[in-house]
Amino acid sequence: MCGAELCDAEHDGGVRPPSRRSVLRTVAGAAGAVTAGALAAQPARAASGTTAVPDRGTHLVLLGTAGGPTPVAGRAGISSALVVNGRTYVVDCGRGAVTQFLRAGLAMDSLAGIFLTHLHSDHTVDYFSFPLLCAGSATNGFETTVDVYGPGSPGALHNATGKPLTWFDPDNPFPGTADLTRQAANAWAYSTNAFAAEGLGVPPTSLLDVHEIALPDTGATATETAPAMAPFTVMENDDVKVTAILVSHGAVFPAFAYRFDTDHGSVVFSGDTAPTPNIPTLARHADVLVHEVFEASWFEENGLPAALVAHMLAVHTPIADIGRIGAESDAGKVVLTHYGPNDPADRDHAWWARHAALSRRNADYGGEIVVGEDLLRVAVTART
């Protein structure tokens with residue numbers, strides 16, 4: 001294993017295939033680098049009536065808060081943004097992430113990094129939309145290559161069903177972030193090449209630098225997905241240090257939670273996870289803990305099979321546990337997101353607020369629990 005460093009194109013050890021940075025560059029070259037319609041000459045403008053996020057300090061923006069793949073009208077798919085001194089880091093790219101990014105008043109040329117907690121469709125469906133739709137845009141494009149961090153392939157997943165797991169590609173049934181990117185580029189090759197034939201655009205993959213995150217040697221496997229471990233470094237620059245830890249999300253492996261430490265405060269994103277001691281380990285003394293939340297009662301009341309409800313309880317975190325997790329983490333505040341059920345018509349803001357308050361009281365948690373909503377902004381400040 002390659003410890004805390006990142007897997008790059010040269011990495012060839014551990015349980016994952018090599019990160020395909022060189023492959024992505026090959027894809028980009030094959031599409032033909034086109035100079036006409038070059039990258040953005042001006043920053044994106046905020047949506048009408050939306051103020052821009054300040055370019056100093058650290059600011060959390062919830063782009064979308066819906067859990068699960070099922071589309072609903074009341075919430076966008078799961079995605080968050082952390083703006084640090086004008087640089088924007090997106091965590092997960094659920095349904096509508098690109099639109100929500102602009103609605104939030106974020107400039108596309110501020111995008112500095114994308115972090116994928118895991119590769120479920122509801123967290124990745126809008127990932128490739130960022131480079132695909134911005135490749136060569138004169139108004140809403142990137143000015144620099146965006147770093148992407150996400151899981152590599154596990155090689156295999158724990159399969160409790162015994163059914164074949166090779167529906168689409170028997171040779172690569174569990175593509176990691178690099179292969180996901182490469183295959184998305186191939187799927188949209190017609191569009192890219194059509195633009196190129198008219199002297200427009202650039203290859204979308206030329207806008208990305210993909211890093212598959214190498215796992216430290218903790219004994220994690222497809223059947224022991226989140227053993228107790230110490231956080232490990234994923235990325236660090238002048239503004240932010242990003243660390244990660246493995247979390248428990250059923251058969252999904254690897255699944256990460258991320259911590260962003262800045263001069264202004266610290267923010268942890270739980271990703272999708274069942275309750276695990278690894279979250280309080282990563283979120284120790286964090287100023288903000290952005291945590292997924294689930295409530296089984298709606299699913300039971302609406303006749304979902306008991307086995308399915310039991311499964312969801314086994315891979316997500318009940319609202320009743322949120323106060324305890326906040327207390328064990330000693331987090332300054334917990335911000336709820338990734339709601340299940342995901343439609344506000346089924347469990348509205350007031351319902352979540354009542355149950356969050358009960359969870360807080362039962363755990364004697366001294367921090368605040370914020371019921372997150374799409375486009376909610378939170379200014380991040382370190383506790384004194």
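Modeller: Contact here means heavy atoms within 4.5 Å. The model is predicted.

Biologist: Which residues does Phe 115 touch, leaving out those up to four places away in sequence?

Modeller: Phe 115 is listed among the residues with the most contacts inside the largest nonpolar core. Beyond four places in sequence, Phe 115 touches Asp 92 and Met 235, among others. The remaining partners are Tyr 89, Val 90, Val 91, Tyr 149, Val 234, Val 242, Tyr 258 and Phe 260.

Biologist: Which strand gives the largest share of the largest nonpolar core?

Modeller: That core has 57 residues, including Leu 60 and Leu 336. Another core, of 32 residues, lies apart from it and includes Ala 135 and Leu 208. The largest share of the 57-residue core is five residues, and they come from strand 9 (residues 240–246).

Biologist: Why are the buried residues of helix 10 on the same side?

Modeller: Helix 10 spans residues 322–329, and its buried residues are Ile 322, Gly 323, Ile 325, Gly 326 and Ser 329. They are on the same side of helix 10 because they cover an arc around the axis of only 165°.

Biologist: Which elements do the buried residues of helix 10 pack against?

Modeller: Two of the elements are helices, helix 7 (278–282) and helix 11 (349–363). The others are strand 12 (288–294), strand 13 (333–340) and strand 14 (368–371).

Biologist: What share of the residues of the protein chain counts as buried?

Modeller: The protein chain holds 11 helices and 15 strands. Its exposed surface is about 15,800 Å², with 54% supplied by carbon and sulfur atoms. Of its 384 residues, the buried share is 52%.

Terms used. Residues numbered from 1 in each chain as written. Predicted model: local features only at pLDDT ≥ 70, side-chain atom pairs only at ≥ 80, totals over all residues. Heavy atoms only, no water. Core = buried A, V, L, I, M, F, W, Y, C linked by side-chain atoms within 4.5 Å. Buried < 20%, exposed > 50% of the residue type's maximum accessible area, 1.4 Å probe, protein only. Helix = DSSP H or I, 4+ residues; strand = E, 2+ residues; numbered from the N terminus. Arc of directions from axis to C-beta. Areas by Shrake-Rupley, 256 points an atom, 1.4 Å probe, with all protein chains shown as cover.
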